[in-house]
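Got your viewer open? Let's take a walk through this structure, one selection at a time.

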Amino acid sequence: ETAPGRVKGAEGADRTEQEHVVWGSSAVVERLLLLSDVEGQDVVSSLLASPLSSCPELLLFSLAQSRPSWGPLYNMLVSNLLGRFLQVSTPHGMAVLQRLWTANRSMLVQGLVELSQKAGVGRVLEVAQELGVLLEVLTVQHSYHNLVLDLAVAAAHSNAIPFANWANKAAEDGTDAFAMAAVAFLRERVYGGGG
């Protein structure tokens, strides 16, 4: 059990050193994010060099719980940290991502969007399947329509989902924005942008 405003590292993490305790505090991370707005990103980034290398999962979980969850430094840190855990599958990395899915799904989904741009939708499919969250990711429809549609096609090609069933359900549950995105997706993929 952790105290309010504190996060635990993923199970199996050997991060018991005293100097790492501070990075498990979302309040400390929040203050540094706010300080970066005043003092500049470079000043605060230098303070974060140590936790970025020695306890990245603690810093990631603190960011996942922090407010504000925006700004250049926040975005850079989240992109850097998620990239480390998403690029290569390891048992520890998957445990970190599983906890992150529970703590802040939108952060992980944003990481999957970035991953799809860097490594392709195939890697996103692998991660989602390893985490056991493929169907849940496929129901995320806010501003990630292209990722969801690409991922659904890739999942259908690998026989992970029956595409027709998913498409029918997505059409029933989806918004007008999702329907428009699906039509644009089909126009682009099937008709090459015309039609």
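Start with a word you'll need: on a 1 Å grid over the protein atoms alone, a cavity is a set of points where a 1.4 Å probe fits but cannot get out, and its lining residues have an atom within 4 Å of a point. This is a predicted model, where local features need pLDDT of at least 70 and side-chain atom pairs count only at pLDDT 80 or more, while totals for chains, interfaces and linings use all residues. Residues are numbered from 1 along each chain as its sequence is written, and side-chain values use heavy atoms, with hydrogens and water left out.

**Stop 1: the cavity.** Select S79, L82, G83, L86, Q87, G111, E114, L115 and K118, which line the largest cavity. Two or more lining residues come from each of α5 and α7, and α5 gives the largest share, 5 residues. About 40 Å³ of space lies inside, a volume being the space filled by probe spheres set on grid points joined across faces, edges and corners.

**Stop 2: the whole chain.** Switch to cartoon view: you'll see 12 helices and 0 strands (DSSP runs, H or I of at least four residues for helices and E of at least two for strands, numbered from the N terminus). Of the 195 residues, 41% are buried, meaning under 20% relative accessible area with a 1.4 Å probe, protein chains only.

**Stop 3: helix α4.** Now pick residues 56-65. How many residues of this helix are buried? The count is 9 of the 10, so helix α4 is largely enclosed by the rest of the structure. Among the buried ones are P56, E57 and F61. To see what covers them, show α1, α3 (49-54), α5, α6 (91-103) and α7 (105-119), which are included in the cover.

**Stop 4: the nonpolar core.** A nonpolar core is a set of buried Ala, Val, Leu, Ile, Met, Phe, Trp, Tyr and Cys residues joined through side-chain atoms within 4.5 Å. The largest one here has 58 residues, and L63, L82, L97, M107 and W166 have the most contacts inside it. Its largest share, 8 residues, comes from helix α5 (residues 72-87). Zoom in on W166: leaving out residues up to four places away in sequence, W166 touches L138, V148, L149, A152, I161 and F178 (contact means heavy atoms within 4.5 Å).

**Stop 5: a serine.** Finally, select S36 in helix α1 (residues 26-39). Is S36 buried or exposed? S36 is buried, because its relative accessible area is 10%. Beyond its neighbours within four places in sequence, S36 is in contact with Q41, V44 and L73.

Note on methods: Buried means under 20% relative accessible area, exposed over 50%, partly exposed in between (1.4 Å probe, protein chains only). On a 1 Å grid over the protein atoms alone, a cavity is a set of points where a 1.4 Å probe fits but cannot get out, and a pocket is an open set with protein on both sides within 12 Å along at least five of seven lines; lining residues have an atom within 4 Å of a point.
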